[in-house]
Amino acid sequence: MSTSTSASRSQTTQGHTPAAGFFRWRIVDIVVASVIGVAAGLIFLAWNVGYLGPKALLEPLLPGIQGLLDGPWLFAGVLGGLIISKAGAAIYVELLAAVVSALIGNQWGGFLTLEAGLVQGLGAELIFLLFFYRRWSLPVAILAGAGAALAGGINNLILWYAGSGTAFTVIYLISTVISGAVIAGALSWVLARGIAATGALDRFGSGREARVRV
């Protein structure tokens, strides 16, 4: 299986469409993606409380700037996509993290938390799809983080900030996209590379590629 996965990566790097390997999940893919999702969900729970202090400081300064705090809720899908490198990984990991957050409890309610996770995961997934699941570079990770942020930001404007003025909308979207690009995108890429460098991801194409480059 590792041979076919490597071959599919080599083939797509040359400009072909994604091989079947990018759509075929192994047991190890499911297990690792689930571990990432649960761990991310626990981080979500911590940030559900931790963001309140910075939010109280930022909101009076410039309404909408609180979007800078959204990144920690967006990283799960990007990190999952980078590590698993399979179609659907971003949606699965981000949604699972949202499930963990919803089950343990938060201030936004279960259904809306799951809906947000699905939308954010889809935003990252569409970026990976745009590159046919063959590019996992830093620029792509940044775009995936920005994609998750844009999707999540629009969703938040509809559900939580309905009727907001143009200035708030623009500031909020720009802020959340910056946060998504840096925290969910760039930092997830650095984290994935760091984990791969330890050899923990040698059963994944992403891990083997990172080890070779190092």
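**Salt bridges, helix packing and surface of an all-helical predicted chain**

Glu 59 has a relative accessible area of 29% and is therefore classed as partly exposed. In this predicted model, the side chain of Glu 59 meets that of Lys 55 in a salt bridge, with an N to O distance of 3.2 Å. Both residues belong to helix 3 (residues 52-61), and because they are four residues apart, about one helical turn separates them. Elsewhere, salt bridges with shared partners connect Arg 26, Asp 29 and Lys 86 into one network. Side chains of opposite charge can pair when their charged atoms come close. The search of the whole structure returned three salt bridges.

Within the network, Asp 29 pairs with Arg 26 at 2.9 Å, N to O. Asp 29 also forms a salt bridge with Lys 86, for which the closest N and O atoms are 2.7 Å apart. This second pair links distant parts of the chain, since Asp 29 lies in helix 2 and Lys 86 in the loop between helix 4 and helix 5, 57 residues apart. The three participants are assigned to the buried class by their accessibilities. Asp 29 has a relative accessibility of 0% and so counts as buried. Lys 86 is likewise buried, because its value is 4%. For Arg 26 the relative accessible area is 15%, which falls under the 20% cut-off, so this residue is buried too.

The fold as a whole comprises nine helices and zero strands, giving the pattern α-α-α-α-α-α-α-α-α along the sequence. Of the 214 residues in the chain, 45% are buried. When contacts between residues at least 6 apart in sequence are considered, 72% join residues at least 24 apart. The chain exposes about 9,900 Å², of which carbon and sulfur atoms supply 73%.

Helix 5 (residues 89-104) illustrates the packing between helices. Its 16 residues reach 23 Å from the first C-alpha to the last, close to the 22 Å expected at 1.5 Å a residue. Buried positions in helix 5 are Ala 89, Ala 90, Val 93, Glu 94, Leu 96, Ala 97, Ala 98, Val 100 and Ser 101. These buried residues pack against helix 2, helix 4 (75-84) and helix 6 (110-130). After helix 5 comes Gly 105, with a positive phi near 115°.

Positive phi values also occur at two residues that are not glycine. Ser 85, in the loop between helix 4 and helix 5, has a phi of about 55°. With a relative accessible area of 3%, Ser 85 is classed as buried. Phe 132 has a positive phi of about 55° as well and lies in the loop between helix 6 and helix 7. Its relative accessible area of 39% places Phe 132 in the partly exposed class.

A further buried position is Thr 176, located in helix 8 (residues 166-197). Thr 176 counts as buried because its relative accessibility is 1%. Beyond neighbours within four places in sequence, the contacts of Thr 176 are with Gly 67, Leu 68, Asp 70, Ala 149 and Gly 153.

On the surface, Ile 27, Ile 30, Val 31, Val 35 and Tyr 92 form a nonpolar patch, whose accessible area together is about 460 Å². Helix 2 (residues 27-50) gives the most to this patch, with four residues. One residue of helix 2 is Val 35, which counts as exposed because its relative accessibility is 54%.

Confidence varies along the chain. The average pLDDT is 88, and 86% of the residues score at least 70. Among the elements, helix 7 (residues 138-159) has the highest mean pLDDT, 98, whereas helix 1 (residues 2-13) has the lowest, 41. Over residues 1-17 pLDDT stays under 50, and the model has 24 contacts beyond four places in sequence for this segment. Where pLDDT is low, the predicted coordinates should not be read in detail.

Note on methods
Residues are numbered from 1 along each chain as its sequence is written. This is a predicted model: local features need pLDDT of at least 70, side-chain atom pairs count only at pLDDT 80 or more; totals for chains, interfaces and linings use all residues. Side-chain values use heavy atoms; hydrogens and water are left out. Buried means under 20% relative accessible area, exposed over 50%, partly exposed in between (1.4 Å probe, protein chains only). Contact means heavy atoms within 4.5 Å. Patches are made of residues with over 30% relative accessible area and no salt bridge: like charges are joined within 9 Å, nonpolar side chains (Val, Leu, Ile, Met, Phe, Trp, Tyr) within 5 Å. Accessible areas come from the Shrake-Rupley method with a 1.4 Å probe; for residues, only the protein chains shown count as cover. A salt bridge is a side-chain nitrogen of Lys or Arg within 4 Å of a carboxyl oxygen of Asp or Glu. The expected span of a helix is 1.5 Å times one less than its number of residues. pLDDT is the predictor's confidence in each residue, from 0 to 100.
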